[in-house]
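Please open the model in your viewer and keep the sequence panel beside it. The tour below moves from the whole chain to one sheet, then to the helices lying across that sheet, and ends at a single residue.

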Amino acid sequence: MTDKELLRAMFDAAVAAADPRHALPPALPERPGGRVVALGAGKASARMAQALEAAWGPVEGLVAVPGGASLPTERIELIETAHPVPDAASERAGRRMLEIAAGLEEGDTLVALISGGGSALLVAPEEGVSLADKQAVSEALLRSGAPISEMNAVRQRLSAIKGGGLARAAAPARVMTFVVSDVPGDDPAIVASGPTVAAPPAGPDPAEVVRRRGIALPEAARRLLDAPRPPDPSAGEVHVIASAQSALDAASEVCRRAGVTPMVLGDAIEGEARDVGRVMAGIARQVVRHGQPAGAPVCLLSGGETTVTVRQSAGKGGRCGEFLLSFALEAAGLAGVSAIACDTDGRDGSEDNAGAIWSAAEAFDRAEATARLHAHDSWTFFDGMDGLVVTGPTHTNVNDFRAALIR
């Protein structure tokens, strides 16, 4: 296969490894007695609902998924809500789930199906905070360049359902949480802002995040950030069933079968997308020039979640495209280098592509590429290069997948 075909095969294997149809069944115990209710949210949660019913039979419940990401289920109801900024349907889903959880009794079981994207798909603002307030805060956080841990710390304090709120409502029922992690470090309290898992005590202070990032808050929201936290609920059983590392392991096996040495740089890499792109290109240059830290053929693999700080009106694209455009500018002219950067959920930022793929054998106008990078317009650049990767919804989400192949 060509180098681009090999890179695409790595990405496809990474996505398949994170598919809940394969990842959830081994983590499930026997179906508990009593009433069993499944509640959840996220980009992988529709597939998780299918996998749960395939293993246990029909289960009552409600799961919030992005628009266009519904899948057929037997009894679990799927509701499509908005991402990355919540909408009225997000709030309806949050309020309904809190009501359902509050109706559970001792001997009942809440099965929480949680995956990345759930922070926007499922909201229930605390008293005094409106949906419009939550939307404004979400937009400001997305543009601020804050890492996901900081964003979700703020979201948790403004929400009645996040930060363990759903588990609190379900007491004294048994709570079992299954997580497809899209966050660096795989902390279940951060994934979807932890509806059934309280915020970590040593996590970011939301008031300090807001101050440092210069985010304007309505007065009711500001008071909430300064108020004492409610008592942490019991998280019950928590199982992380898929993560960036599992995706990288699958991609590594594809490399080995193709006679290429995989080198995993990390599963939790964060930072500005363009900066991470420059660093990864620098490592590729060292391989080409000096055979370090490994000689070719080698593939540099990484996962995690980069960020894009928008300082002006943005064009089309997302963090994976921005990473790859920065990488291309630094790696142009390096013989035998090609790279792919895609979001495992199938959507990178503002458009419908998962990301992009590029080879150093493809010439481009450097001035145009630089201008596109400064304008956060990577989609337009790679569209012109016929380099967009389009998958449609993958029904999983273990965040960014990046691979640089050096022959």
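What follows is a series of selections, each with a short account of what is there.

**The whole chain.** Begin with everything displayed, bearing in mind that this is a predicted model. The chain contains 15 helices and 12 strands, and its C-alpha atoms fill a box of roughly 65 × 50 × 35 Å when taken along the principal axes. For 407 residues, a compact globule would have a radius of gyration near 22 Å, and the 21 Å of this chain agrees with that. Of these 407 residues, 57% count as buried, while the chain exposes about 15300 Å², of which carbon and sulfur atoms supply 50%. Among contacts with a separation of 6 or more, 78% join residues that are 24 or more positions apart.

**The sheet.** Next, select the six strands of the open sheet, which run in the order β7-β8-β12-β9-β10-β11 with mixed pairing. The edges are formed by β7 and β11 (388-389), each of which has a single partner strand, so one side of each is left without a neighbour in the sheet.

**From β7 to β12.** Now narrow the selection to residues 261-272, strand β7, and residues 298-307, strand β8, which pair in the parallel sense over 9 bridges. To get from β7 to β8 the chain passes through helix α12 (residues 273-290), and this β-α-β crossover is right-handed. Within the pair, G266 stands opposite S302 in β8. Then add strand β12 (residues 400-406), which pairs with β8 in the antiparallel sense over 7 bridges; here S302 stands opposite R402 in β12.

**Helices across the sheet.** With the strands still shown, select helix α11 (residues 244-257), which lies across β7, β8 and β12 and runs at about 150 degrees to β7. Helix α13 lies across β8, β9 (337-343), β10 (355-359) and β12, running at about 165 degrees to β9.

**A loop residue.** Finally, select Q312, which is found in the loop between β8 and α13 (319-331). Which residues is Q312 in contact with, leaving aside its neighbours within four places in sequence? They are R143, H374 and A375. The C-alpha atoms of Q312 and A375 are separated by 7.5 Å, although the two residues are 63 residues apart along the chain. Q312 has a relative accessible area of 41%, and therefore counts as partly exposed, a class that lies between the cut-offs of 20% and 50%.

Conventions
Residues numbered from 1 in each chain as written. Predicted model: local features only at pLDDT ≥ 70, side-chain atom pairs only at ≥ 80, totals over all residues. Heavy atoms only, no water. Pairing = 2+ DSSP bridges. Helix = DSSP H or I, 4+ residues; strand = E, 2+ residues; numbered from the N terminus. Right-handed = clockwise from strand over helix to strand, strands pointing away. Rg over C-alpha atoms; globule rule 2.2 N^0.38 Å. Buried < 20%, exposed > 50% of the residue type's maximum accessible area, 1.4 Å probe, protein only. Contact = heavy atoms within 4.5 Å. Areas by Shrake-Rupley, 256 points an atom, 1.4 Å probe, with all protein chains shown as cover. Axes fitted to C-alpha atoms, helices over the stretch in contact; angles between N-to-C directions.
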